[in-house]
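Got the viewer open? Here is a tour to click through, one selection at a time.

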Amino acid sequence: MSEPSLKEQLAAYEALFEKTGHLYGYESLARKESDPGTYEAVWHILSNICNAAWSVGCMASTSPVAAEGGDALWALHTPTGDAICVSRGITAHPGLLADMIKNFIRLGYEDHPGFENGDIFENNDPHYGGIHTPDFDMCMPIRYKGKLVAWASSVTHVNDVGMAQPGSIGFLNPNVFADGLTFSMEKVGESDRYYPWYDLRIRSRTRTPDYVLGDARGRLAGCITIRERLFEVIEKYGLDFILDASKEYVEDSRRYAVSRVRTQAIPGRIRKSQFKDLAMKGKRVLDPSQDIDCLFNLPMEMTVNADATVKLSLRGASGTVPFGQNISPTALKSGLLNGYSHIVGFDMFNSGPTASWEVEMPPSGSWANPFEKDFFASSGVAWAPAVIWMSSLYEVFGRLFQMRGFVEEMAAGAATTMTAEFAGQTQLGMYLASLTLEQASNGSPARGYADGENSAWCIYTPNADFGSAEVIEGYLPIMYLGRNIEPDSGGYGQFRGGLGHTAVWMIYGTTGIDYQCGCAGMRSKVLPNHGMYGAYPTWPDRPSYAHDTNLKELIDAQKPLIHERGPAEDPTITRIITARQMEDAAIAPFITPEPLQNYDVILHPVSGAQSMGDPITRDPISIEEDLNKGWTSRRVAEEIHGLVVKQESERDFIVDVAASEKRRQQIRAERIAKAVPFKEWWAVERTKIEARENMDEAVLHMWRTSMELSPSYGEELLAFWALPDDFVF
Amino acid sequence: MAEFHKADIEKLIDGVLPWPATQDIIKSPKDSDRFDKYIEIMQERVTFKETILLPLTPMLFIVSADGARVVKCRCGHDFGDYRTNWKLSSLIHVRDDEASLGEIYKGREMPDPSWTQLREYICPGCGSQLEVEAMPRGCPPDFEFLPDLDTFYSEWLGRPLPDSVASEDKTLETIADWSAAK
């Protein structure tokens, strides 16, 4: 009897999971139980193979994004597509790569064109599961002695994919036709080589083809590394063991995720609202329809079921936007693995945890399910709203871990992701469009027992790394005048978020370059989160720049330059720099109205993360230490943390602990006196809502679409404020 | 299965456990009695005598009080039935203009008050700031967690609570009462 096709195997596995609740119907893990040592050893060998692929692949890549930033990933999959293990890198992608392989199988590619060693398949099309076009998802079948035994996969984020606007953070794309070059579930090579047309198409349709093709070769080199090393492992441990163990690793990981929820969380319903702005009115846009401001509703409702599985809902999500910030449900669910792996299922990072949760189909016509109602919606940087929604998992699970007493597992809210991308002529006389990767190094969220770490965390990769300034200066016509920890950027709470940093760049060596301050999950009009357990959230993302400046005169005169942002009410840029065009607190995202020239200045802040706990319960000595390191200001220490502080010299603050305790008691009394009973506020607030008082059109539009797309959400909102059934925002 | 001293768990909660010992707790398999130890610690720290069923936040607890399950602050203030969002029984201070937001956020840090408001929930008993929400006007307060306490105790911990309560959101019932009394 011939072996069932991959399509038949996939269907059989899905039926087995439905029937048994175990992936592949594995009610026991036979290989693990019979030979746990080898099982564990082979897991690490396979993981190392993926990491070797990452090293080889990044070395073979050419773009600063891959080679310096490491914005890439390689993975090994079962014959039916589940990720077995993955490399370091961008952990948002294993779910996408697994779904891509399954799609190739479901679409019948096994019959035509077939799956052979050396074949190269790619997809970057969001309509078929890609997250956005600059992320090139690739896979290669692996046959051993004729039998398809695995897949190798890879993704790299390329510099430029021929979008309407140069670069890879396509928030400005008004529709899919601006999303650039797409490979829609295509076979792009065989015999370990790309077809000649692949090279030709990239050369004619992207702005930085050498980098894009270099990264394609990096992906290929990594996948070949996986294949060749896997053959060695099969020779050593036997094919049957590898095939069995590979599936057991995935089921093992599912079990881990479920058991972690059961032993460390609580069943019930948890809700968290989140909002994200995209304010583009009056700015440089690509289409007149984009002269608007938008607010996204990103609500998360999570139900922890009695069997410790989890259900997530986006009921209430707002409508699509005429920008590149819509995401398909497939990509959203795949990306969710990133957040889940961080906070729940990270013992063996693979596809297993995806079988421990279910995502309710997001409302049709929302930013999270756009194509049924707006088939040509853009996904230029689809990740932007999705990552904010997904980041709610930190706080949601952090609360559950606290309830169970696992304080060491708690995390407050995440930081934001505001990118810096440049497009124009470099100091080498060549054209370049490229990210700096500066954003890949946020502060980390406050923990249940300590502050977060400064500039050491990134939501989409466990390997936070903003790259070497010197290397970035080699690629781009910018010089670092500063790269400093930003004081008070981690919110205000008992434990504060890790602080972010600000990069200070001087443009140098160009005839003109655009600075695109991009949105990959930032907020500029609204506060970036709630304050967990009574903390105050961090401030909005507000970069600065100055165009046509006096910086050369300052250098020539050997006068002080600008190296940091300075206090919010006395910014260094306005104190030191004069310029024809200056924005101290620009509402992001944006592209500079005119190309920047030599000696222009940019201050690009990379955010800290959120705090937790009432700020007047923060340990006074920790605040004293922050004061003396320059990480907090006297105003914050006194007015928000309620301390009594003496200053002996510039960096010599002394906290009067006894007087501070008295002051904090006073603050408690002041709070009670100033606040009103909720019911009293509710009665007044509902009349303001009814009158739409001080509500920006972006807010009203968001509520209108949320209520229209999710009627039950709308009914609950109206009932809460006791508004008439026919009320429309 | 690891086991940790109650004193170390207390230090961990207070953020004073030395880093090597903290790392040990992070890296070790989880201790199965953590929930009970945590409850024990919290029970010693609160001012009330009722039995804690669940620490909802580090400051708020669902307790068993005369057969009812209510939310209480560490200070003992009673927020009522745990199935109604406790925020409805809280004090609230809202910052929705530049003057009030400016007490926290200066200059370039200022959010746009026509896009967002900052809601501070204050315990009427002790003045603790229990939660802070940043949301646009019109957003109902988050009801962060409605636990399924009976499933948790009976199926997950294997020791059912003496009585059983349907786990259903009662927030809108309170609102309906307020609305009827308008």
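Before the first stop, a bit of helix arithmetic: the expected span of a helix is 1.5 Å times one less than its number of residues. Keep in mind throughout that this is a predicted model.

**Stop 1: the start of chain A**

Select residues 6-20 of chain A, which make up helix H1. How far apart should the ends of this 15-residue helix be? At 1.5 Å a residue, H1 of chain A should span 21 Å, and its end C-alpha atoms are indeed 21 Å apart, so the two values agree. Now step just past the end of H1(A) to Gly21(A), where phi is positive, at about 80°.

**Stop 2: colour chain A by domain**

Make four selections in chain A: 35-250 for domain 1, 266-410 for domain 2, 417-613 for domain 3 and 615-674 for domain 4. These bounds come from the domain assignment. Keep domain 1 and domain 3 of chain A lit up; their C-alpha centres lie 32 Å apart. Where these domains touch, 21 residues of domain 1 of chain A are in contact with 24 residues of domain 3 of chain A. The domain 1 side of that contact has 7 nonpolar, 9 polar and 5 charged residues.

**Stop 3: two helices that cross**

Next, show helix H5 (94-106) and helix H9 (329-343) of chain A. Their axes are 6 Å apart and the packing angle is about 130°, which makes H5(A) oblique to H9(A). Turn on side chains for Pro94(A), Gly95(A), Leu96(A) and Asp99(A) on the H5(A) side. Across from them, in H9(A), pick Thr330(A), Ala331(A), Lys333(A), Ser334(A), Gly335(A) and Leu337(A). By class, this helix contact has 4 nonpolar, 4 polar and 2 charged residues.

**Stop 4: odd backbone spots in chain A**

Some context for this stop: most residues other than glycine have a negative phi, and most peptide bonds are trans.

Look at these places in chain A:

- His112(A) and Pro113(A) are joined by a cis peptide bond, with omega about 15°. Pro113(A) sits in the loop between H5 and strand E3 (120-123) of chain A.
- Ala588(A) and Pro589(A) are also joined by a cis peptide bond, with omega about 0°. Pro589(A) is in the loop between strand E20 (579-583) and E21 of chain A.
- Tyr599(A) is not a glycine, yet has a positive phi of about 75°. Look for Tyr599(A) in the loop between E21 and strand E22 (601-606) of chain A.

**Stop 5: a sheet in chain A**

Which strands make up the open four-stranded sheet here? Follow the order E15-E14-E18-E21 in chain A; the pairing is antiparallel. At the edges are strand E15 (431-435) and strand E21 (590-591) of chain A, each pairing on one side only. Zoom in on strands E14 (418-425) and E18 (513-519) of chain A, an antiparallel pair with 7 bridges. One spot to click is Ala420(A), whose bridge partner in E18(A) is Cys517(A).

**Stop 6: over to chain B**

Hide chain A for a moment. Chain B has 6 helices and 8 strands, and its C-alpha trace spans about 55 × 45 × 25 Å along the principal axes. Trace chain B from the N terminus and you meet α-α-α-β-β-β-β-β-α-β-β-β-α-α.

Select the open sheet of 4 strands, ordered E1-E2-E3-E4 in chain B, with antiparallel pairing. Strand E1 (51-55) and strand E4 (78-81) of chain B each have a single partner strand, so one side of each is left without a neighbour in the sheet. On average, neighbouring strands in this sheet are turned by 35° against each other, direction ignored.

E1(B) and strand E2 (60-65) of chain B pair antiparallel over 4 bridges, and Ile52(B) stands opposite Val63(B) in E2(B). Add helix H3 (34-45) of chain B, which lies across E1 and E2 of chain B and runs at about 120° to E1(B).

**Stop 7: where the chains meet**

Bring chain A back. How many residues does each chain put into the contact? Chain B gives 73 residues and chain A gives 73 residues. On the chain B side, strand E7 (129-135) of chain B supplies the largest share, 7 residues. That side divides into 41 nonpolar, 16 polar and 16 charged residues.

For a last selection, take strand E8 (268-272) of chain A with strand E8 (145-147) of chain B: they pair antiparallel over 3 bridges. Click Arg269(A) and you'll find its bridge partner in E8(B), Leu146(B).

Definitions and conventions
Residues are numbered from 1 along each chain as its sequence is written. Chains are lettered from A and ligands numbered from 1 in the order in which they are written. This is a predicted model: local features need pLDDT of at least 70, side-chain atom pairs count only at pLDDT 80 or more; totals for chains, interfaces and linings use all residues. Domain bounds come from an automatic or database domain assignment. Two residues are in contact if their C-beta atoms, placed from the backbone, lie within 7 Å. Ala, Val, Leu, Ile, Met, Phe, Trp, Tyr, Cys and Pro count as nonpolar, Asp, Glu, Lys and Arg as charged, and the others, Gly among them, as polar. Axes are lines fitted to C-alpha atoms, for helices over the stretch in contact, and angles run from 0 to 180 degrees between N-to-C directions. Helices (H or I, at least four residues) and strands (E, at least two) are DSSP runs, numbered from the N terminus. Angles under 35 degrees count as roughly parallel, over 145 as roughly antiparallel, 65 to 115 as roughly perpendicular and the rest as oblique. Two strands pair if DSSP finds at least two bridges between them.
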